[in-house]
Protein chains: 2
Amino acid sequence: MAGAGRDCSIANALGVIGERWSLLALREVLLGERRFDQIAHNTGASRDILAARLRTLVERGVLARVQYQERPPRYEYVPTEAGRALRPIMLGLMEWGDRYVTDGPGPTRWEHDCGAELHPEMVCGHCHAPVLPGTTSLVRLGQVR
Amino acid sequence: MAGAGRDCSIANALGVIGERWSLLALREVLLGERRFDQIAHNTGASRDILAARLRTLVERGVLARVQYQERPPRYEYVPTEAGRALRPIMLGLMEWGDRYVTDGPGPTRWEHDCGAELHPEMVCGHCHAPVLPGTTSLVRLGQVR
DNA sequence: GTGATAGGTTGGATTATTGGACCGACTCCT
DNA sequence: AGGAGTCGGTCCAATAATCCAACCTATCAC
């Protein structure tokens, strides 16, 4: 792991969800798949790596591991508040992938309650204007350690 | 690499920017650092890995490598349109990291033109209502291959 | 007893990453 | 002219992570 680099919440966030398969596992959980085998199948991750990733996501508070039956004990993974808070970011990543990576129409599509196909946009939480380059200024920058 | 898993633009996006150091390198470029040595220093990545990451980001159209002087030839990395389109996502990730990972106040802070400290929010591009769980419905889901 | 389901663990082979040294082609200082 | 510094990398051996298939435990259904 990196002991250096800029003090930055992006780096900290990537420390939690930045490893390979973590975000795809979370995608499945947010889509409603909560069982190990289903997550393994739908992501394509190998089972040992997936087990490790789910463990760290639980440790870091993004998912919770909930027993849904005794005898035999069986567990499912459910998103915590922190996990649900990643949903907009995943939708943003999906939008970016649709636009700049995936050929043809997006394989997964959402509709918003307003009736339109969902194309999420990032806005300022205060004035609700789009966050565009040039409309923001740096107040404080994390130092490089 | 994964040959299987769900057909999904999140997975496709991660194929481009999901490797370790890629997003941190992009963060530095978007912050205005364009030189190899500075990016290496500010991220903490080893130089050979950084060179490899920058190469794939250029290949995939997220960055461009531009010669800024001859004799000796020197290059800098600038964001393309696709790279700039990742800015809102990085800000969202920063917001998430500030809230759920980083202890204390966020090390990097932005102000929006409206005067408020920036706390970005994801909204529907059509009706501008926040994208909350329960306000969207799946129209089409990428199949697992 | 045979299969199926669920949630993993184990082992061995392959790949990726790390950190530091090194390099070529300059420029700047003295 | 000699020496140091800059820039954008590459090369190397040691270490760490990942992949895949096989295996395991417990239980239920037949």
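A: Let us start with a word you will need: a residue is buried when its relative accessible area is under 20%, exposed when it is over 50%, and partly exposed in between, using a 1.4 Å probe and protein chains only. The model is predicted: local features need pLDDT of at least 70 and side-chain atom pairs count only at pLDDT 80 or more, while totals for chains, interfaces and linings use all residues. Residues are numbered from 1 along each chain as its sequence is written, chains are lettered from A and ligands numbered from 1 in the order in which they are written, and side-chain values use heavy atoms, leaving out hydrogens and water.

Q: Thanks! Which residues are buried in helix α1 of chain B?

A: First, the naming: helices (H or I, at least four residues) and strands (E, at least two) are DSSP runs, numbered from the N terminus. An α-helix has 3.6 residues a turn, so residues three or four places apart point the same way. In α1(B), residues 9-17, the buried ones are S9(B), I10(B), A13(B), V16(B) and I17(B). Because they cover an arc of only 120 degrees (taken from the directions from the helix axis to the C-beta atoms), these residues sit on the same side of α1(B).

Q: What covers the buried residues of α1(B)?

A: Here we look for contacts, meaning heavy atoms within 4.5 Å. The cover includes α2 (22-31) and α6 (87-100) of chain A, along with α2 (22-31) and α4 (47-59) of chain B.

Q: How many salt bridges are there over all chains?

A: A salt bridge is a side-chain nitrogen of Lys or Arg within 4 Å of a carboxyl oxygen of Asp or Glu. By this rule there are 12 over all chains. One of them pairs E28(A) with R6(B), with the closest N and O atoms 2.7 Å apart. E28(A) is in helix α2 of chain A and R6(B) is in the segment before α1 of chain B, so the pair joins two chains. Both E28(A) and R6(B) are buried.

Q: Which residue forms a salt bridge with R47(B)?

A: That partner is D37(B), and the closest N and O atoms are 3.0 Å apart. The pair links distant parts of the chain, as R47(B) belongs to helix α4 and D37(B) to helix α3 of chain B, 10 residues apart. R47(B), at 47% relative accessibility, is partly exposed.

Q: How many residues surround DNA strand D?

A: A residue is near a strand if one of its heavy atoms lies within 4 Å of it. For DNA strand D there are 21, the closest being D48(A), R53(A), R47(B), R65(B) and Y75(B). Of the strand's atoms that come within 4 Å of the protein, sugar and phosphate account for 57%. The largest share of this surface, four residues, comes from α4(B).

Q: Where does a polar side-chain atom of W21(A) lie?

A: A polar contact is a pair of N or O atoms within 3.5 Å; within protein, one must be able to donate a hydrogen and the other to accept it, and residues adjacent in sequence count only if both atoms are side-chain atoms. The W21(A) atom is 2.9 Å from a phosphate oxygen of DNA strand D. Bases are met too: a side-chain N or O atom of R47(B) is 2.4 Å from a base nitrogen, and a polar side-chain atom of R74(B) is 2.6 Å from a base oxygen.
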